[in-house]
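Thank you all for coming. I would like to walk you slowly through one structure today, starting with a pair of charged side chains and then moving on to the empty spaces, so please have the picture open while I talk.

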Amino acid sequence: MASAADEELAASKTDGFKVGEKKTVEEYAKLVDQNDESLNRWKASLGISSSPALPVDPKDTRRCVIHSLALEVPGRPDITIDLSVPGALQSLKTKPFTIKEGAKFRMKATFKVQHDVLSGLKYIQVVKRKGIRVSKDEEMLGSYAPNTEEKPIYEKKFAEDEAPSGMLARGHYEAASRFVDDDDNDHLKFDWSFDIAKDWK
């Protein structure tokens, strides 16, 4: 039985939508039709190319590896969390970063896909203040083929957001996030926190 926290982070469902039949990269690559421009564009959008795949440790069964998360603010250096550093996820919760009230910002993720095509990667985030949910956001990031020598890493910028402003909006916020695919497989799940303040620190 799912916990209340798991239910809050559940991906939204579209009535009548069914996940399509899974295919391997090799099967997708064989879908060749020189006269079907839309098919070729779709394959290119997945990153399926003739470039050699990156070597993968067979013991590493992860399909998607999130390398870094960053907060991008116009005119300011990015606040980047390198997730390959031990303890990086833990510090996200215990060491909140500050966002200036009313500031426009966007999140950015870099990640690697390995073994097989990743279908329907989504980012889901629930933000609470004093235990009360203030927002839930879900962003579709797309489908991706395993990384290649030509494209060793993927970078995805999220939609721009704006921090709340005013005296009542200032304070400490707790958030829970997850990266999940169409099959409801978790690729990264973590808690973090931030402060909305009058100015940057």
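Let me start with Lys108 and Glu72, whose side chains meet in a salt bridge at 3.2 Å, N to O, where a salt bridge is a side-chain nitrogen of Lys or Arg within 4 Å of a carboxyl oxygen of Asp or Glu. Lys108 lies in strand β4 and Glu72 in strand β1, residues 64–72, so the pair ties together parts that are 36 residues apart in sequence. Strands here are DSSP runs (E, at least two residues), numbered from the N terminus. Both Lys108 and Glu72 are buried, and buried means under 20% relative accessible area, with exposed being over 50% and partly exposed in between, for a 1.4 Å probe and protein chains only.

Before going further, a word of care: this is a predicted model, in which local features need pLDDT of at least 70 and side-chain atom pairs count only at pLDDT 80 or more, while totals for chains, interfaces and linings use all residues. Residues are numbered from 1 along each chain as its sequence is written, and side-chain values use heavy atoms, with hydrogens and water left out.

The bridge I began with belongs to a wider arrangement, since Glu72, Asp78, Arg106, Lys108 and Lys157 are linked in a network of salt bridges. The structure holds 11 salt bridges, and I will pick out two others. In one of them, Asp60 pairs with Arg62, the closest N and O atoms being 2.9 Å apart; here Asp60 is buried, with a relative accessible area of 18%, whereas Arg62 is partly exposed at 45%. In another, the side chains of Arg178 and Asp186 come to 2.6 Å, N to O, and again the two partners are unlike in their surroundings, because Arg178 counts as buried at 6% relative accessibility and Asp186 counts as partly exposed at 40%.

What, then, of Arg129, which is buried yet has no salt bridge? Arg129 sits in strand β5, and the nearest side chain of opposite charge, Asp195, is 8.3 Å away, if we count Lys and Arg as positive, Asp and Glu as negative, and leave out His and the chain ends. A polar atom of the Arg129 side chain does, however, lie 2.3 Å from the backbone oxygen of Arg170.

His187, in strand β10, is buried as well, at 17% relative accessibility. The side chain of His187 makes a polar contact with the side chain of Asp181 at 2.9 Å, a polar contact being a pair of N or O atoms within 3.5 Å, where within protein one must be able to donate a hydrogen and the other to accept it, and where residues adjacent in sequence count only if both atoms are side-chain atoms.

Two loop residues deserve a glance at the backbone. His115, in the loop between β4 and β5, has a phi near 80 degrees, a positive value in a residue other than glycine. Asp184, in the loop between β9 (171–180) and β10, likewise has a positive phi, near 65 degrees.

Now to the empty spaces. On a 1 Å grid over the protein atoms alone, a cavity is a set of points where a 1.4 Å probe fits but cannot get out, and a pocket is an open set with protein on both sides within 12 Å along at least five of seven lines, while lining residues have an atom within 4 Å of a point. Grid points are joined across faces, edges and corners, and a volume is the space filled by probe spheres set on the points.

The largest pocket has a volume of about 430 Å³. Of the 25 residues that line this pocket, the closest to its centre are Phe105, Gln125, Val127, Asp137 and Asp161. The largest share of the lining, five residues, comes from β6.

By this rule there is one cavity of 30 Å³ or more, with a volume of about 120 Å³. Which strand gives the most to the lining of the largest cavity? That is β1, with three residues, and the residues that line the cavity include Leu69, Phe97 and Trp192.

How values were computed
Helices (H or I, at least four residues) and strands (E, at least two) are DSSP runs, numbered from the N terminus.
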